[in-house]
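Student: Got a minute to go through a model with me? I'd like to start with one strand and its neighbours, then look at a single side chain.

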Amino acid sequence: MPLLPSKHKAPFYLFNGHLQTIIPSLFRQVEGVQYERERLLTPDDDFIDADWSIVGSNTLLILSHGLEGDTGRPYITGMVKAFNTEGIDALAWNYRSCSGEPNKLLRSYHLGASDDLDFVVRHALATKRYKTVYLVGFSAGGNITLKYLGEDPQQVPKQIKRATVFSTPIDLKSSALKISKIYTQRFLRTLGRKLEQKQQMYPGEIDLSGYSLSWSFPEFDNRYTAPIHGFKDAAEYYARSSSKQFLKNIQVPTLLVNAKNDPFLAPECYPIEEARDNPNFYLEMPEQGGHVGFAVDFRKDRYYSEERAVKFLLEEK
């Protein structure tokens, strides 16, 4: 019964889920991480930009960021720094269109793009010959990671030993309906700019008439995400891409940490039964933490997500 108790408590000055989400996102700064970028050419004539932080290890951590994030986000660089300190190499990859340059194809990324994660994993293994690989994902990257581990577990490389994901919308439909317009507008603003770039690259392929920051995610996904990426509509996109259905198949020890006060997550994103039924799938639900927050002491740059990932991936072998 891998339901784990949680010791995490947010600092008193971050007294609700919104503050626990917003303050680290806006104000955290991580120093000391230096990347070496590599452009990976994909089989479909596109590219993925990946950032290495190498300390000379035969063990690698591969990190997947959140929606409209990138490898420079502090939750990514903080995790990279934590594992580099433990003597572990890190590879953080930017989803298509997220590295600061538009990708070449009309498609970009979506929350079920586990094929791109598989490509990155196999490239890393072929390039550096790592003996052990760990996976960490945040939010959208958590869903991609869980889907990857569970949709075809026999094809997961044997070098992948453990995984940890945080703040993960494992049921995409319910989370798309739950997230408030305050957060949705922020995402739709950057997604809209990317669609404008694609409209210039592919005239006639994208119709931006009537585009509105007041849309819900289902409205946006129904008009753009789904058809651009080969889904009939948002309902099919959510159904096929949600990782919840694949949790029962995961065969490597995997920890999901979803805070109960996460403003992005609906009740369907707390998979208690799945954790009880699969001995390889662990669930931790701290009362606090927000969405990709988990500050222990913001002023001292201490974060539970990093401490927990190090402990689960490295110490509990």
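**A strand and its surroundings**

Tutor: Sure, and keep in mind that this is a predicted model. Strand S6 (residues 132–138) pairs with strand S7 (residues 160–166) over six bridges, and the two run parallel.

Student: Which residue in S7 stands opposite Tyr 134?

Tutor: Tyr 134 belongs to S6, on one side of the strand along with Thr 132, Val 136 and Phe 138. S6 and S7 are joined by six bridges. Across from Tyr 134 in S7 you'll find Arg 162.

Student: And which residue in S6 is the bridge partner of Leu 60?

Tutor: Here we turn to strand S4 (residues 59–64), which pairs with S6 in the parallel sense, again with six bridges. The partner of Leu 60 in S6 is Val 133.

Student: How many of the residues of S6 are buried?

Tutor: Take the faces in turn: Thr 132, Tyr 134, Val 136 and Phe 138 are buried on one side. On the other, Val 133, Leu 135 and Gly 137 are buried too. That makes the buried count for S6 seven of seven.

Student: Which helix joins S6 and S7 in a right-handed β-α-β unit?

Tutor: The two strands of the unit are S6 and S7. The helix that completes this right-handed arrangement is H4 (residues 140–151).

Student: Now Asp 49: is it buried or exposed, and which side chain makes a polar contact with it?

Tutor: Asp 49 sits in strand S3 (residues 47–53). Its relative accessible area is 3%, so Asp 49 is buried. Residues it touches include Trp 93, Asn 94 and Ser 99. The polar contact, at 2.8 Å, is with the side chain of Arg 39.

Technical notes:
Residues are numbered from 1 along each chain as its sequence is written. This is a predicted model: local features need pLDDT of at least 70, side-chain atom pairs count only at pLDDT 80 or more; totals for chains, interfaces and linings use all residues. Side-chain values use heavy atoms; hydrogens and water are left out. Buried means under 20% relative accessible area, exposed over 50%, partly exposed in between (1.4 Å probe, protein chains only). Helices (H or I, at least four residues) and strands (E, at least two) are DSSP runs, numbered from the N terminus. Two strands pair if DSSP finds at least two bridges between them. A crossover is right-handed if, with the strands pointing away from the viewer, the path from the first strand over the helix to the second runs clockwise. A polar contact is a pair of N or O atoms within 3.5 Å; within protein, one must be able to donate a hydrogen and the other to accept it, and residues adjacent in sequence count only if both atoms are side-chain atoms. Contact means heavy atoms within 4.5 Å. Lists of a residue's contacts leave out its neighbours within four places in sequence.
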